[in-house]
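Q: Please take a close look at a single part of this structure, the largest nonpolar core. I would like one connected account that also covers its surroundings.

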Amino acid sequence: MARPVKKTPEEWRKEILNAAQNLFISKGYEETTISDIMDKAGGAKGMFYRCFQSKEEVMYVLGNQLFFEDNPFEAVKVRDDLNGLQKIRSLLAMNQSDAERNQINMQAVPILKDPHILASAVGENRRVLTPLWLELLEEGKKDGSIKTEYTKELSELLPLINFWLMPSVFPATEEELLHKYRFVIEMLDHMGLPLYDDDMISFTEKFITDITEKGGNET
């Protein structure tokens, strides 16, 4: 009788991430336990802790994995038919249409209450997203589609806006969050970066409603 093939730690990580992603989407992050994940992955609970420190770490790794597997910045960078502003609007639309990524983002809202996870997420966004935003903003400034003298400042600000709009980070009611979002639209427009059309505004307002219904505004 053939002996079962032993999986490597990297193979176990992939199995655990795949199982967790399916469960977070179908069952919800809060309702999914580590035992649930390992039951689906087909391994003992001890194997989980050889690969990850916590369920929160799994969520964090999943968010990064989904971004790099389908990086919208890379997708729009090669579009010679679009100017800088159109590229930014296009990548925002791509994010909006990615249902799986949006579902994971929704599930991630509560874990941002953890200051260590929040600090790590902010640092990772600054490291990864700020240079990508700066490249597109500079392109838009060069081709005239973006009229601002603050490309560097905006590249640092844009990755932080999502955190400011998360009620688990800055507690707020749905009405207060919608008011903050409208402020963001007007502020960016005033800075020469008119990003949001009616479809994007409707999508984001629905997302705000959804995250407040999940209880992310609890203190």
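A: A contact here means heavy atoms within 4.5 Å. The model is predicted, with local features requiring pLDDT of at least 70 and side-chain atom pairs counting only at pLDDT 80 or more, while totals for chains, interfaces and linings use all residues. Residues are numbered from 1 along each chain as its sequence is written, and side-chain values use heavy atoms, with hydrogens and water left out.

With contacts defined in this way, residues 24 or more positions apart account for 67% of those contacts in the protein chain that have a separation of 6 or more. The chain has eleven helices and zero strands, where helices (H or I, at least four residues) and strands (E, at least two) are DSSP runs numbered from the N terminus. Along its principal axes, the C-alpha trace spans about 70 × 40 × 30 Å. Of the 219 residues, 43% are buried; buried means under 20% relative accessible area, exposed over 50%, and partly exposed in between, using a 1.4 Å probe and protein chains only.

The core itself is defined as a set of buried Ala, Val, Leu, Ile, Met, Phe, Trp, Tyr and Cys residues joined through side-chain atoms within 4.5 Å. In soluble globular proteins, nonpolar side chains tend to be buried together. The largest such core in this model has 63 residues, and the members that touch the most others are Phe-24, Ile-37, Met-38, Ile-88, Trp-133 and Leu-193. Helix α8, covering residues 115-143, gives the most to this core, with nine residues.

Trp-133 is a convenient place to enter the core. Leaving out residues up to four places away in sequence, Trp-133 touches Phe-73, Ile-88, Leu-91, Leu-92, Ser-155, Leu-158 and Pro-159. The last of these, Pro-159, is found in helix α9, residues 151-164, and counts as buried because its relative accessibility is 4%. With the same exclusion of residues up to four places away, Pro-159 touches Asn-125, Leu-129, Thr-130, Trp-133 and Leu-154. Pro-159 and Met-94 lie 65 residues apart in sequence, with 16 Å between their C-alpha atoms.

Phe-24 leads to another region, since it is listed with Trp-12, Ile-16, Leu-17, Ala-19, Ala-20, Gln-21 and Leu-23 as buried in α1. These buried residues of α1 pack against α2 (34-41), α3 (45-51), α4 (55-69) and α7 (99-108). Helix α1 has 18 residues, 9-26, and its end C-alpha atoms are 26 Å apart, which agrees with the 26 Å expected at 1.5 Å a residue, because the expected span is 1.5 Å times one less than the number of residues. Just after α1, Gly-28 takes a positive phi of about 105°.

From the side of α7, the packing can be followed through Ile-104, which is found in that helix and counts as buried because its relative accessibility is 1%. Apart from neighbours within four places in sequence, Ile-104 is in contact with Gln-21, Phe-24, Ile-25, Met-59, Leu-62 and Leu-66. Ile-104 and Met-200, by contrast, are 19 Å apart from C-alpha to C-alpha, with their positions 96 residues apart in sequence.

Residues with greater accessibility give a useful counterpoint. Phe-68, in helix α4, is partly exposed because its relative accessible area is 48%, and its C-alpha atom is 21 Å from that of Gln-86, 18 residues apart along the chain. Asp-80 sits in the loop between α5 (72-77) and α6 (84-97) and is exposed because its relative accessible area is 77%. The C-alpha atoms of Asp-80 and the core member Met-38 are separated by 45 Å, at a sequence distance of 42 residues.
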